[in-house]
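Here are some notes to read alongside the structure, set out as numbered points. Please keep the sequence and the 3D view open while going through them.

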Amino acid sequence: MTETPAPDFAEIGRKLFAEPCDFIWAASKIDNLPPQGAPEIAFAGRSNVGKSSLINALTNRKTLARTSNTPGRTQQLNFFALGPTPETAKLRLVDMPGYGYAAVSKEKVSSWTKLMQDYLRGRTTLMRVFVLIDGRHGLKETDTAMLDLLDRSAMSYQIVLTKKDEVKVRDVETRIAETLKALEKRPAAYPHVIFTSSDKGEGIPELRAAVAQLLAERGL
Ligand code: GDP
């Protein structure tokens, strides 16, 4: 009897992210979200964690997501469609506003939290949030607040560590282990951490494969 070979998610992911990718929508208020359509994955993280660089690396672009944008400027959710055309997109990527910027007023923090909360709770097409953590430092207090919000919203999330090229080889496994340990009691956390370097392309194929697998598990 011949067994069906396991799907090659690395290859499926590579092809998926080689599709055209276009900016389609920016929302700064919950009543201004794009109509639900293709399945979504979102990217969250502290300002400067390397979120724009990661989105650009995943999609093989240089300037799709704007890097080094001024922290604390207008906070919005940016939507990108991945597929032959925006209408026939297979997937949407959602760039969530960066958090943890010290100079932001309390008022802005609470409007940011409200927007995130409403989006996370009401978006049935959102499959998973990838929470980016600076690989040089590991989880910080503001990250913990984001994870709390995700757990409270019962929204599945996975940690992606960034800037691997700036972490000593001997510290890589330790950083992964301590991150997994911190996730143990978190109900909505996916128990696998991906360490990436957008500069060197490390971990990018693995992340694309994780997304391809996620789509396959949903039968999409
Ligand atoms: P964002 O604010 O989260 O969108 O972060 P950016 O993508 O703008 O990156 C913030 C800073 O980190 C920039 O100076 C990037 O060049 C740097 N950076 C981003 N990714 C990497 C990486 O993989 N390795 C290194 N060494 N630096 C990175």
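1. The model is a predicted one, and a good place to begin is helix α2, residues 51-58, which packs with α6 at an angle of about 75 degrees, the two axes being 10 Å apart. Angles of 65 to 115 degrees count as roughly perpendicular, and therefore α2 and α6 are described as roughly perpendicular to each other.

2. Which residues of α2 meet α6? On the α2 side they are L54, A57 and L58, and in α6 their partners are I204, L207 and R208. Sorted by class, this contact of α2 with α6 has five nonpolar residues, no polar ones and one charged residue.

3. Helix α6, which covers residues 204-217, also packs with helix α1, residues 9-17, and here the angle is about 95 degrees while the axes lie 7 Å apart. Because of that angle, α1 is roughly perpendicular to α6. In general, two packed helices are described by the angle between their axes and the distance between the axes, and both values are therefore worth reading together for each pair.

4. In the contact of α1 with α6, the residues from α1 are F9, A10, I12, G13, R14, L16 and F17, and those they meet in α6 are R208, A209, V211, A212, Q213, L215 and A216. These residues divide into 10 nonpolar, two polar and two charged. A student may like to note that R208 of α6 is listed in the contact with α1 and is listed in the contact with α2 as well.

5. Moving on to open spaces, the second largest pocket has a volume of about 330 Å³. Of the 17 residues that line this pocket, Y99, G100, V109, W112 and T113 are the closest to its centre. The elements giving two or more residues to the lining are α3 (106-122) and α4 (141-152), and α4 gives the most, with five residues.

6. How do the residues of this lining divide by class? The lining of the second largest pocket has eight nonpolar, seven polar and two charged residues.

7. Finally, the count of aromatic pairs comes to four. One of them is formed by F23 and F80, whose rings are edge-to-face, at 5.8 Å centre to centre and with 65 degrees between the planes. This pair links distant parts of the chain, since F23 belongs to strand β1 (residues 21-27) and F80 to strand β3 (residues 77-82), 57 residues apart.

Conventions:
Residues are numbered from 1 along each chain as its sequence is written. This is a predicted model: local features need pLDDT of at least 70, side-chain atom pairs count only at pLDDT 80 or more; totals for chains, interfaces and linings use all residues. Side-chain values use heavy atoms; hydrogens and water are left out. Axes are lines fitted to C-alpha atoms, for helices over the stretch in contact, and angles run from 0 to 180 degrees between N-to-C directions. Helices (H or I, at least four residues) and strands (E, at least two) are DSSP runs, numbered from the N terminus. Angles under 35 degrees count as roughly parallel, over 145 as roughly antiparallel, 65 to 115 as roughly perpendicular and the rest as oblique. Contact means heavy atoms within 4.5 Å. Ala, Val, Leu, Ile, Met, Phe, Trp, Tyr, Cys and Pro count as nonpolar, Asp, Glu, Lys and Arg as charged, and the others, Gly among them, as polar. On a 1 Å grid over the protein atoms alone, a cavity is a set of points where a 1.4 Å probe fits but cannot get out, and a pocket is an open set with protein on both sides within 12 Å along at least five of seven lines; lining residues have an atom within 4 Å of a point. Grid points are joined across faces, edges and corners, and a volume is the space filled by probe spheres set on the points. Rings of Phe, Tyr and Trp (its six-membered ring) pair if their centres lie within 6.5 Å; planes under 30 degrees apart count as stacked, over 60 as edge-to-face and the rest as tilted.
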